[in-house]
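Grab the model, open it in your viewer, and work through the exercises below. Try each task before you read its solution.

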Amino acid sequence: MAARAVLAVIDGGATLEAALAAEHTAGLDDRDRAHIQALAFGAVRWHHRHQAILAQLLNRPLRNRDRILEALLSVGLFQLNDPAQPDYAAVSATVDATRLLGQPRAAGLVNAALRRYQREAPLILARIMESVEARYAHPAWLISVLQQEWPDCWAELLDANQQQPPLWLRVNRMRGSVSDYALRLQDELGIATATLPGAPQAIRLETAVATGKLPGFAAGLVTIQDAASQLAASLLDPQPGMRVLDACAAPGGKSTHLLEYTGGEIELTALDVSAERLHLVEGNLARLGLKAQLLAGDATAPETWWDGRLFDRILVDAPCSATGVIRRHPDIKFLRRATDMPALAVRQTQMLEKLWPLLRPGGQLLYSTCSLFHAENSAVLSRFLGTHQDVRELPLAGELPGATPARGPGRQLLPGPANTDGFYYALMTHRPG
């Protein structure tokens, strides 16, 4: 199952989430399902290095029709390289999987390759580390862009992307305090936690746990949301009675946070281009006991959904390359290309252009992405600010953990320094007159 999911990502362009869902793991017990997910995520996360290792282990490249074997060997190599994975049965289990995948003739090849790696791993790893793509397990184009844009810390960013992401929760301030929930985690599950200055409702678990085992999750006590993403609510700072638009709402993390932030006392419109994904927002609202108007519509075409009433606050969490969340979604390394950036920047600019007239004079718009790229962040904002006389950038209030100045307007949070995802934020006000 893990090998098929890996193949769907590296060869078929599927997201890892969709690929695993297609494997119908729901009928398995929690332990097996978690193991399949760990194998698939680990293999995809390190696949660029595994490709270099396989080039050393195999006498000739695998044929295109045998790409499932590349995916399977990647799963096997992950088990042998990751100290958290038991390697005593890794080789035999990987060999057995060749038969389950309808490739019984490949059993000998898989066995020989993995056994050789067990014997020669230090030598092979030393040899392939001369390649920057193998060393950092990222595509060459992505490494090159980060080297250009973050010359002082590009290697640290790449290393941070390869780490297992922490589990951050947002404690529902309408139903309890962070300190009380931390005590409950310690008492009921024996899990220690940490907090983060600047993100008052955020709590990080020192040991990850399945969502269903989180105390009070079904009752709406907490929501899974990275601490960097949680900053959006306080930066936009809506006040009770305001009319607020979340222009790219699904799956609903920021929408529900805006409602919790104001005690549910705002008129929130949650917009998303995907009617199907709005069901995720609906589910999160129901779990938390919150209400919002859900609209399926394109943020670049407000004439198809806007009722003509201006908003006091607008959140534009724009579609982007998602290069700031690679540690959570390692499939991004296969799903994105350098050529994607211009089209993304065009759409981001279109969203700002179309949504800006919906903001009342004196209102505020927060632009955010989970990208690390200048082309999607400060470059977009610089052009927008330079072509609109009625726009003024505002300083971002409060403490931004791990933030660094961007190349222009806004602030950039980098993955790693505060153990959060990478995010970009810029706040603007509609200048009257």
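**Exercise 1. Place Asp-237, and say whether it is buried or exposed, or something in between.**

Step 1: Asp-237 sits in the loop that joins helix 12 (227-236) to strand 5; helices (H or I, at least four residues) and strands (E, at least two) are DSSP runs numbered from the N terminus. Step 2: its phi is near 50°, a positive value in a residue other than glycine. Step 3: the relative accessibility of Asp-237 is 29%, so it counts as partly exposed; buried means under 20% relative accessible area, exposed over 50%, and partly exposed in between (1.4 Å probe, protein chains only).

A word on the ground rules: this is a predicted model, where local features need pLDDT of at least 70 and side-chain atom pairs count only at pLDDT 80 or more, while totals for chains, interfaces and linings use all residues. Residues are numbered from 1 along each chain as its sequence is written, and side-chain values use heavy atoms, with hydrogens and water left out.

**Exercise 2. Find where Ala-137 lies and work out its phi.**

Step 1: look in the loop between helix 8 (132-136) and helix 9 (140-149). Step 2: phi of Ala-137 comes out near 55°, positive although the residue is not glycine. Step 3: Ala-137 has a relative accessible area of 0%, so it is buried.

**Exercise 3. Which residues of helix 11 are buried, and what do they pack against?**

Step 1: check the length. Helix 11 (residues 178-189) has twelve residues, which should span 16 Å at 1.5 Å a residue, and its end C-alpha atoms are indeed 16 Å apart; the expected span is 1.5 Å times one less than the number of residues. Step 2: the buried set is Val-178, Tyr-181, Ala-182 and Leu-185. Seen down the axis of helix 11, these buried residues fall within an arc of 105°, so they line one face; the arc is that of the directions from the helix axis to the C-beta atoms. Step 3: turned away from that buried side are the exposed Asp-180, Leu-183 and Asp-187. Step 4: the buried residues pack against strand 1 (167-171), strand 2 (193-196), strand 3 (199-205) and strand 4 (222-224), where contact means heavy atoms within 4.5 Å. Step 5: just after helix 11, Gly-190 has a positive phi of about 70°.

**Exercise 4. Do the same for helix 16 (residues 340-355).**

Step 1: its 16 residues reach 23 Å from first C-alpha to last, close to the 22 Å expected. Step 2: the buried residues of helix 16 are Met-341, Leu-344, Ala-345, Gln-348, Thr-349, Met-351, Leu-352 and Leu-355. They cover an arc of only 155° around the axis, which puts them on the same side of helix 16. Step 3: Pro-342 and Ala-343 are exposed on the face turned away from the buried side. Step 4: the cover over the buried residues includes helix 9, strand 5, strand 8 (311-317), strand 9, helix 17 (378-386) and strand 13 (423-430).

**Exercise 5. Locate Gln-364 and list what it touches.**

Step 1: Gln-364 belongs to strand 9 (residues 359-369). Step 2: at 17% relative accessibility, Gln-364 counts as buried. Step 3: leaving out residues up to four places away in sequence, Gln-364 touches Leu-236, Asp-312, Arg-313, Ile-314, Leu-359, Leu-394, Leu-427, Met-428 and Thr-429.
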